[in-house]
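Trainee: Could we go through this structure together, one question at a time? I would like to practise the reasoning behind each answer.

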Amino acid sequence: MRPTMEALLSVLYVVLLVTAGMAGASRAPGSRRPPVVTAVAFVLTAVPSLLQLTVAPGLLQALRRDRAAILDGQVWRLATSFGVQDSGWAGLVFNLVALAFLGTVAERLWGQSRWVLVALAAQAAGSLWGLLVQPVGAGTSLVNFGLAGSLAAAAVLSGAGRRTRLPGAVSLAVALVLLALTDIHGGAALTGALTAAVLLRRAARRGGV
């Protein structure tokens, strides 16, 4: 990938995640309960990634998303690619920071079970999209972008004030741009957004949000 495109994508990633976090933080209720699911996901990311980057570099090749291996029957790679990183220490730090922040905000907004639903949907759909646009890769970013998309969609669809909806709308617009650029993260973010829309609709039918 050309350096110019890499720089553009990096900027878009940051804009999407930051604006989604802003939108979500303004809606998520304050809570003293520890973000248990986020903490579990953090550990499931940190432990294998640290092993991969230090004493067990072969973990990346063994667990990453690999279209040829998946088509050969190793479907579990669609899930295990979550726990290793293809962008080194910088990618691990970025993903852990994003997961800690976005995961906590999303857990306060959605609760534990719906957090897991959003994360699983983003990981699954993002990985399948990745088989087309990025056949080989790994990282926690699909879950992070899925959670971000869910926060952005919740802000836009919930009838909140303009100061909440605007960053959410910016985040979703960037997700569409990433999708148009055939970037794997656009698919994950929009999957999170669609999952959020379904969750909000079901909640509205039950008389809640």
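Trainee: Let's start with a single residue: in which helix does Arg163 lie?

Mentor: Happy to help, and keep in mind that this is a predicted model. Helix H9 covers residues 162-180. Position 163 falls in that range, and Arg163 indeed lies in helix H9.

Trainee: Is Arg163 buried or exposed?

Mentor: The cut-off for exposed is over 50% relative accessible area. Arg163 has a relative accessible area of 82%, so the residue is exposed.

Trainee: What distance separates the C-alpha atoms of Arg163 and Ser26?

Mentor: Along the chain, Arg163 and Ser26 are 137 residues apart. In space, the separation of their C-alpha atoms is 8.8 Å.

Trainee: Staying with H9, how are H9 and H10 oriented to each other?

Mentor: H10 spans residues 184-205, and its axis comes within 7 Å of that of H9, with a crossing of roughly 140 degrees. Antiparallel would need an angle over 145 degrees. The crossing is left-handed. By its angle, H9 is therefore oblique to H10.

Trainee: How many charged residues are there in the contact of H9 with H10?

Mentor: From H9 come Leu172, Ala175, Leu176, Leu178 and Leu179, while H10 brings residues including His185, Gly186, Gly187 and Leu190. Sorted by class, the contact of H9 with H10 holds eight nonpolar residues, three polar ones and, for charged, none.

Trainee: Now H1 and H8: how do they lie to each other?

Mentor: Helix H1 takes in residues 3-25 and helix H8 residues 141-157, and their axes are 8 Å apart. The packing angle is about 50 degrees, and the crossing is left-handed. This angle is outside the range under 35 degrees for roughly parallel and the range 65 to 115 for roughly perpendicular. H1 and H8 are therefore oblique.

Trainee: How many nonpolar residues does the contact of H1 with H8 have?

Mentor: Tyr13, Leu16, Leu17, Ala20, Ala23 and Gly24 of H1 meet Asn144, Phe145, Ala148, Leu151, Ala152 and Ala155 of H8. Of these, two are polar and none is charged, and the number of nonpolar residues is ten.

Trainee: Ser150 also lies in helix H8; is it buried or exposed?

Mentor: Outside its sequence neighbourhood of four places, Ser150 touches Trp110, Val118, Gly192, Ala193 and Ala196. The C-alpha atoms of Ser150 and Ala193 are 4.3 Å apart, with their positions 43 residues apart along the chain. With a relative accessible area of 0%, Ser150 is buried.

Trainee: And Ser81, is that one buried or exposed?

Mentor: Ser81 sits in the loop between helix H5 and helix H6. Beyond four places in sequence, its contacts include Arg64, Arg65, Gln123 and Gly139. Its relative accessibility is 1%, so Ser81 counts as buried.

Trainee: Which residues is Ala41 in contact with, leaving aside its neighbours within four places in sequence?

Mentor: Ala41 belongs to helix H2, residues 36-53. At 8% relative accessibility it counts as buried. The residues in contact with Ala41 are Phe82, Leu99 and Trp115.

Trainee: Last one: how far apart are the end C-alpha atoms of residues 112-133?

Mentor: The unreviewed UniProt entry lists residues 112-133 among its "transmembrane region" spans, along with 87-106. Residues 87-106 are 95% helix, and their end C-alpha atoms lie 25 Å apart. Residues 112-133 are 100% helix, and for them the end-to-end value is 31 Å.

Definitions and conventions:
Residues are numbered from 1 along each chain as its sequence is written. This is a predicted model: local features need pLDDT of at least 70, side-chain atom pairs count only at pLDDT 80 or more; totals for chains, interfaces and linings use all residues. Side-chain values use heavy atoms; hydrogens and water are left out. Helices (H or I, at least four residues) and strands (E, at least two) are DSSP runs, numbered from the N terminus. Buried means under 20% relative accessible area, exposed over 50%, partly exposed in between (1.4 Å probe, protein chains only). Contact means heavy atoms within 4.5 Å. Axes are lines fitted to C-alpha atoms, for helices over the stretch in contact, and angles run from 0 to 180 degrees between N-to-C directions. A crossing is left-handed if the near helix is turned anticlockwise from the far one by less than a right angle, and right-handed if clockwise. Ala, Val, Leu, Ile, Met, Phe, Trp, Tyr, Cys and Pro count as nonpolar, Asp, Glu, Lys and Arg as charged, and the others, Gly among them, as polar. UniProt positions are given in the numbering used here, feature names are shortened, and annotations may be inferred rather than shown by experiment.
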